[in-house]
Amino acid sequence: MSLNKAVRMAREFHKRIGAPIASQPQLLGGAPKEAQFLAARLRNVDGLARKIAPYDPMVARLALAVEELAEWTEAYVSRDLVAAADAWADRAYVLMGDAVACGFPAEELFAEVHRSNLTKQFGVRTGLGKAYRGHQYEPPKIREILERYREPNPNR
């Protein structure tokens, strides 16, 4: 699956639930004061994680993710489209690195979450903009995907 295909899938879902879709590069609106407050808190978490990171590979990955999220938030506060695009790409790269570090079959997992998302109730979103899980919702079959990639254990 190409990254463009993954973006098309996300766009399809956004369209169905009425979430924002931009036709050209732009920044989202928002409250800069609140975003700046949250960016500072993310930097605090990043600093704490970096102290633990040399001893903990999961926390090291967390530190990378939080740092990039802080940069993305700060780009919005400063209304810097280039910095926001760079931070978005860095966030995507960190997520792909998480898949590599954990041996996750990224394409299959993404496709399965997309399939599951399309069973959510369309046009209805929660306060955070997430799609509502109506009666037709089917959770993603993550366990089944991961089981296909596990090495057989002779002791089972």
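## Exercises on a predicted model

Ala22 is partly exposed, at a relative accessible area of 37% (buried is under 20%, exposed over 50%, partly exposed in between, with a 1.4 Å probe and protein chains only). The model is predicted: local features need pLDDT of at least 70 and side-chain atom pairs pLDDT 80 or more, while totals for chains, interfaces and linings use all residues. Residues are numbered from 1 along each chain as its sequence is written, and side-chain values use heavy atoms, without hydrogens and water.

**Exercise 1. Find where Ala22 is and how far its C-alpha atom is from that of Ala70.**

Step 1. Ala22 belongs to the loop between helix 1 and helix 2. Helices (H or I, at least four residues) and strands (E, at least two) are DSSP runs numbered from the N terminus.

Step 2. Along the chain, Ala22 and Ala70 are 48 residues apart, and their C-alpha atoms are separated by 22 Å.

Step 3. For the wider setting, the protein has six helices and two strands, in the order α-α-α-α-α-β-β-α from the N terminus. Its C-alpha atoms fill a box of roughly 55 × 45 × 30 Å along the principal axes, and 24% of the 156 residues count as buried.

**Exercise 2. Describe the aromatic pair and the surroundings of Trp72.**

Step 1. Rings of Phe, Tyr and Trp (its six-membered ring) pair if their centres lie within 6.5 Å; planes under 30 degrees apart are stacked, over 60 edge-to-face and the rest tilted. This rule gives one aromatic pair. Trp72 and Tyr76 form it edge-to-face, with 4.8 Å centre to centre and 65° between the planes.

Step 2. How far apart are the two in helix 3? Trp72 and Tyr76 are four residues apart in helix 3 (residues 57-77), so about one helical turn separates them.

Step 3. Compare accessibility: Trp72 is partly exposed at 22%, and Tyr76 is buried at 15%.

Step 4. Add the charge: the charged end of Arg91 sits over the ring of Trp72, 4.4 Å from its centre (the rule asks for NZ of Lys or CZ of Arg within 6 Å of the ring centre and within 35 degrees of the ring normal).

**Exercise 3. Check the length of helix 5 and list its buried residues.**

Step 1. The expected span is 1.5 Å times one less than the number of residues. Helix 5 (residues 106-117) has twelve residues, so it should span 16 Å; its end C-alpha atoms are 16 Å apart, which agrees.

Step 2. Leu109, Glu112, His114, Ser116 and Asn117 are the buried residues of helix 5.

**Exercise 4. Work out what lines the two largest pockets.**

Step 1. On a 1 Å grid over the protein atoms alone, a pocket is an open set of points where a 1.4 Å probe fits, with protein on both sides within 12 Å along at least five of seven lines; lining residues have an atom within 4 Å of a point.

Step 2. The largest pocket is lined by 45 residues, with Ala6, Val7, Ala10, His14 and Trp88 nearest its centre. Helix 4 gives the most to this lining, ten residues.

Step 3. Turn to the second largest pocket: its lining includes Trp72 and Tyr76, the residues from Exercise 2. Helix 3 gives the most to the lining of the second largest pocket, with four residues.
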